There are 2 protein chains.
Amino acid sequence: MTLKQIDSTDINAMEQRFRAHFINSLSGFKSANLVGTVDANGVSNLAIVSSVFHLGATPPLVGLIIRPDTVPRGTLANIQSTECYTLNHVNSAIWQQAHQSSARYATGVSEFKQTGLSETYVEGICAPFVEQSHLRYALKLREVQPLAINGTILVIGEVIHIQLPHTAIQQDGYIDIESLDTITISGLDSYHRTQSMGRLTYAKPDKLPQLLQTDSD
Amino acid sequence: MTLKQIDSTDINAMEQRFRAHFINSLSGFKSANLVGTVDANGVSNLAIVSSVFHLGATPPLVGLIIRPDTVPRGTLANIQSTECYTLNHVNSAIWQQAHQSSARYATGVSEFKQTGLSETYVEGICAPFVEQSHLRYALKLREVQPLAINGTILVIGEVIHIQLPHTAIQQDGYIDIESLDTITISGLDSYHRTQSMGRLTYAKPDKLPQLLQTDSD
């Protein structure tokens with residue numbers, strides 16, 4: 001396969017939107033989540049993000065990159081004032097509504113109402129969950145760390161409450177998120193279903209990985 | 001759909017490996033990349049990672065979380081000493097070899113040789129690319145930032161050289177990574193192909209998103 005070579009000079013010469021699409025595609029497939037928050041007046045806010053990543057299991061930490069100059073501005077302010085937010089997996093029944101949450105609605109307007117997604121609450125957790133999401137969890141804010149290199153903000157939260165169908169949890173703790181219809185994102189606006197190739201056994205130097213037998217086999 | 005409720009007490013009570021599988025599944029689908037590096041003696045190193053994420057387009061920055069106590073130890077040391085590394089998309093032809101790169105080979109042993117993946121070099125870039133990957137790029141180290149909260153390391157690199165088939169680049173800059181057979185990961189060891197649902201138009205408050213017409217339509 002002949003590969004095109006692209007260097008820094010070529011990247012710098014790209015038109016701004018072209019470069020945004022192009023560079024956003026490089027990291028690979030991304031997680032698709034809706035961040036649910038409320039402001040000081042109790043107005044709910046919902047924003048799609050593709051920058052959520054695993055940070056650690058003990059304690060259970062999840063990272064999220066927020067770009068202050070793009071839409072989820074209310075999201076960051078709400079997380080900082082309430083120290084609480086939810087993450088809700090986007091599935092194929094709500095992908096277009098999830099995408100619509102990125103529109104620049106006026107302050108005081110809830111994206112839940114505008115997109116037709118329903119908010120649901122759990123006692124003791126101030127942030128709203130997305131009713132239509134099948135895997136959703138609440139986080140307590142642990143750190144907000146501005147990254148000096150480009151002005152983005154790393155938000156780190158600790159998972160304190162999780163909701164999911166118990167049937168999706170396999171015997172070893174793995175959650176079959178494909179069975180929950182969770183989707184994935186590439187670039188800025190491309191959505192994809194997934195198709196399992198299998199799980200592999202823990203890799204050891206002296207033998208090749210095998211397909212793991214799972215609950216669903 | 002009835003959802004099981006899991007709280008901090010339940011999370012803390014989980015057996016360690018169970019919790020690792022479980023919490024690693026929460027963030028959603030992850031990128032699948034091989035990090036290529038060399039050490040001071042010129043011995044190459046290859047490690048699969050699922051923690052690469054987009055950080056910004058201008059300048060083109062990519063983040064990577066490294067856990068010092070797990071396998072890609074050589075990776076971090078090599079990145080710090082050479083300030084150079086490559087990221088190579090994992091595709092469905094090499095997923096098992098990519099997974100095998102996570103085995104704990106002895107120091108001085110190249111994972112390229114052990115897994116059967118081929119290294120290829122570009123003039124001016126010290127780190128090896130994976131020949132079998134269809135989208136691969138080199139990064140110059142910009143920052144190594146230890147995250148005090150759990151001892152993981154955030155590595156930030158600037159993309160300086162990219163190789164991919166030019167046919168995968170759409171008119172607006174989006175790279176059709178599904179056409180390159182790039183795969184995605186969930187949890188610690190589950191691999192998935194993708195199936196495009198489409199791209200959506202930029203969201204605006206006053207109208208619903210439409211399917212974007214792309215080069216391949």
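## A tour of the chain A and chain B interface

Begin by selecting B:D189 and A:R199, which form a salt bridge in which the closest N and O atoms are 2.7 Å apart. The model is a predicted one, and the distances along this tour are computed from its atoms. Across the interface of chain B and chain A, the rule finds two salt bridges. By class, the side of chain B that touches chain A has 46 nonpolar, 41 polar and 17 charged residues.

Next, select the whole contact region, where 104 residues of chain B are in contact with 105 residues of chain A. If you then display the area lost on association, chain B and chain A bury about 9400 Å² between them, and 63% of it lies on carbon and sulfur atoms. Within this region, pick out B:F29, B:I149 and B:M197, which supply 9% of the area that chain B buries against chain A, more than any other three residues. With polar contacts switched on, the count between chain B and chain A comes to 56 residue pairs, both residues being at pLDDT 80 or more.

Now step back and show both chains as traces. Chain B can be laid on chain A with an RMSD of 0.0 Å by a turn of 180° and a shift of 0.0 Å along the axis, and the two copies are therefore related as by a two-fold rotation axis. To find the axis from the side of chain B, select B:T194, whose C-alpha is the one in that chain nearest the axis, 2.1 Å from it. Colouring the interface residues on each chain shows a further point: 100% of the interface residues of chain B are also interface residues in chain A, so the copies meet through the same surface.

For the last stop, centre on B:H54, which lies in strand 5 of chain B, a strand formed by residues 52-56. Is this residue buried or exposed? B:H54 counts as buried because its relative accessibility is 11%, which is under the 20% cut-off. Show its neighbours, leaving aside residues up to four places away in sequence, and B:H54 is seen to touch A:I23, A:N24, A:S27, A:K30 and A:R67 from chain A, together with B:L61 from chain B. One of these neighbours, A:N24, makes a polar contact through its side chain with the side chain of B:H54, at 3.3 Å. Within chain B, the side chain of B:H54 also reaches the backbone nitrogen of B:G56, at 3.4 Å.

Technical notes: Residues are numbered from 1 along each chain as its sequence is written. Chains are lettered from A and ligands numbered from 1 in the order in which they are written. This is a predicted model: local features need pLDDT of at least 70, side-chain atom pairs count only at pLDDT 80 or more; totals for chains, interfaces and linings use all residues. Side-chain values use heavy atoms; hydrogens and water are left out. Helices (H or I, at least four residues) and strands (E, at least two) are DSSP runs, numbered from the N terminus. Buried means under 20% relative accessible area, exposed over 50%, partly exposed in between (1.4 Å probe, protein chains only). A polar contact is a pair of N or O atoms within 3.5 Å; within protein, one must be able to donate a hydrogen and the other to accept it, and residues adjacent in sequence count only if both atoms are side-chain atoms. Contact means heavy atoms within 4.5 Å. Copies are superposed by least squares on the C-alpha atoms of residues with pLDDT of at least 70 in both. Buried area is the accessible area (1.4 Å probe) that two parts lose on being put together, summed over both. A salt bridge is a side-chain nitrogen of Lys or Arg within 4 Å of a carboxyl oxygen of Asp or Glu. Ala, Val, Leu, Ile, Met, Phe, Trp, Tyr, Cys and Pro count as nonpolar, Asp, Glu, Lys and Arg as charged, and the others, Gly among them, as polar.
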